[in-house]
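Got the viewer open? Keep the selection box handy, and let's walk through this one stop at a time.

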Amino acid sequence: MRLAAAATLAVSMLAATAAQAEGGKTVAVTAERLLDVATGKYIESPLVLITDGRITAVGSSASMTIPAGTPTIDLPGQTLLPGLIDMHVHLDSSPLYGGYTGLRFTDSFWAVVGAANVQTTLKAGFTTVRNVGSDRYNDVGLKQAIDEGILEGPRIVPAGYSLGSTGGHCDSTYFPPSMDQTGPAVIDGPEEGRKMVRRMHKYGAKVIKICATGGVFSNDGVGVQQLSVAEIRAITDEAHMQGLKVAAHAHGPEGIRAAIEGGVDTIEHASLVDDAGIKAAIKAGAFFGMDIYNTDYTQSEGRKNGVRESEIEKDRAIGEAQRQNFCKAVKAGVKQIFSTDAGVHPHGGNAKQFAVMVKYCATPLQAIQSATVNAAEALGQSADVGQVAVGRWGDLIAVKGDPLADVTVLERPTAVIKGGVEVKL
């Protein structure tokens, strides 16, 4: 094992040297220790070399040398981890405007809200996010602005609009018939679903989001199934053909099982999952993204933010059930991804969910893996994010303390590095 590790390190150092010889821009990062999130083991006195945004070497500073003239980000007394990943956010949403209160603003207001939220999210240590549903393709625009260096923010995997049935959770259900409001991505029937996937992909979606059941923040039953297996299968077949993953909003047991049978990759919320749904997820290899923190915020702050009483009641009714089912799913071995539904709670508070996950049966390492290696796998981006390893983006965070002993330290990152560039906190 030592010989293999030495050989790997030698290859990494050669790669770093070659990159420098070709004129690549290299930065070194040092700290007290580095958590290997795949194994749960620590590397003491780590040295990470990042060239042109990608990691080229990782090891102990006792056995490695920083190339002469290399700028160094030195983080003494701190613990390094890979940049965190939140798999369920709504960047152009704010919990401060619930119910009908958001109608006070013009449409473009929400794009500006998103521009503020991406910066807050990055500074909270989340260097990659999956935005599962936005208005007017705002998430695609935010991604493009960040990629062009116009905005500072995380790497975004955008969905564009969420697909759903007429009158369902992803339709416009707040208005009377006289206003004739219909969601832009409503589909009824398999072929309409297939066509809408193509439309989302055409305009920049990198993941497809569907609403398989009702939800909390709409005029429907929270667990009622709203898409048939045939519709879901057509959507997933088309998305997978296009190289896209599919995320399904699904609270109720029937909708969860239908989504899994229909081939979706991740089940969002999974609040009322039953034993059959858990078994089906394990058999299919589907991930659960269970947002078990945000009910605390909705119950304490939602009413004063304009959230309707019917929605407060629905959230209250499923909140504890979802947490107990999270525990059951973790114990059963369902693969978990870190999904907070930020936008229902304030952006930047994403890491508060770690403590709730640990309270409800997850180990600290399992909670951390949900936001790193598991999330990267679910995205299909294990070669790019989720670990501090050669070839991945140089996305790291630092915290004071031991996150395996106290996951709440993840709520207070002391440094955030994206692509080898330190973010000003």
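Before the first stop, one working rule: two strands count as paired if DSSP finds at least two bridges between them. Strands of a sheet pair through backbone hydrogen bonds, in either the parallel or the antiparallel sense. Bear in mind too that what you're looking at is a predicted model.

**Stop 1: the open sheet**

Select strands 9 to 13 and show them as a cartoon. These five strands make an open sheet, ordered 9-10-11-12-13, with parallel pairing. Now colour strand 9 (207-211) and strand 13 (335-336): they stand at the edges with a single partner strand each, so one side of each has no neighbour in the sheet.

Next, move inward to strand 10 (residues 245-250) and strand 11 (residues 266-269). Four bridges hold this parallel pair together. To see how the two line up, pick A248, which stands opposite I267 in strand 11. Keep both of those residues selected for the next stop.

**Stop 2: A259 in helix 6**

Select helix 6 (residues 253-261) and find A259 in it. Is A259 buried or exposed? Its relative accessibility is 0%, and because buried means under 20%, A259 counts as buried.

What surrounds A259, once neighbours within four places in sequence are set aside? Show A212, I232, A248, V264 and I267: A259 is in contact with each of them. Two of those names should ring a bell, as A248 and I267 are the residues that stand opposite each other across strands 10 and 11.

For a distance check, draw a C-alpha to C-alpha line from A259 to V229. They are 30 residues apart in sequence, and the line should read 6.9 Å.

**Stop 3: A329 in helix 9**

Now select helix 9 (residues 309-332) and zoom to A329. This alanine also has 0% relative accessibility, so A329 counts as buried. Leaving out neighbours within four places in sequence, A329 is in contact with I278, F288, V334 and Q336. Q336 takes you back to the open sheet, since strand 13 covers 335-336.

Try another C-alpha to C-alpha line, this time from A329 to N117. Here the sequence gap is 212 residues and the distance in space is 31 Å.

**Stop 4: strand 14 and its partners**

Leave the parallel sheet and select strand 14 (residues 396-399) with side chains on. Which way do they point? L396 and A398 go one way, I397 and V399 go the other, and all are buried.

Add strand 5 (residues 72-82), which runs antiparallel to strand 14 and is joined to it by four bridges. One bridge to pick out pairs T79 with V399 in strand 14. Then add strand 15 (residues 415-418), also antiparallel to strand 14, this time with three bridges. On that side, I397 has V416 in strand 15 as its bridge partner.

**Last stop: zoom out**

Select the whole chain. In total there are twelve helices and 16 strands. The C-alpha atoms fill a box of roughly 70 × 45 × 45 Å along the principal axes. For 425 residues, a compact globule would have a radius of gyration near 22 Å, and the chain's 22 Å agrees with that.

Colour by burial and 57% of the 425 residues come up as buried. Switch on a surface and you have about 17100 Å² of accessible area, 54% of it from carbon and sulfur atoms. Finally, colour by charge: there are 39 positive and 45 negative side chains, and the centres of the two sets lie 2 Å apart.

Definitions and conventions: Residues numbered from 1 in each chain as written. Predicted model: local features only at pLDDT ≥ 70, side-chain atom pairs only at ≥ 80, totals over all residues. Heavy atoms only, no water. Rg over C-alpha atoms; globule rule 2.2 N^0.38 Å. Buried < 20%, exposed > 50% of the residue type's maximum accessible area, 1.4 Å probe, protein only. Areas by Shrake-Rupley, 256 points an atom, 1.4 Å probe, with all protein chains shown as cover. Lys, Arg positive; Asp, Glu negative; His and termini not counted. Charge placed at Lys NZ, Arg CZ, Asp CG, Glu CD. Contact = heavy atoms within 4.5 Å.
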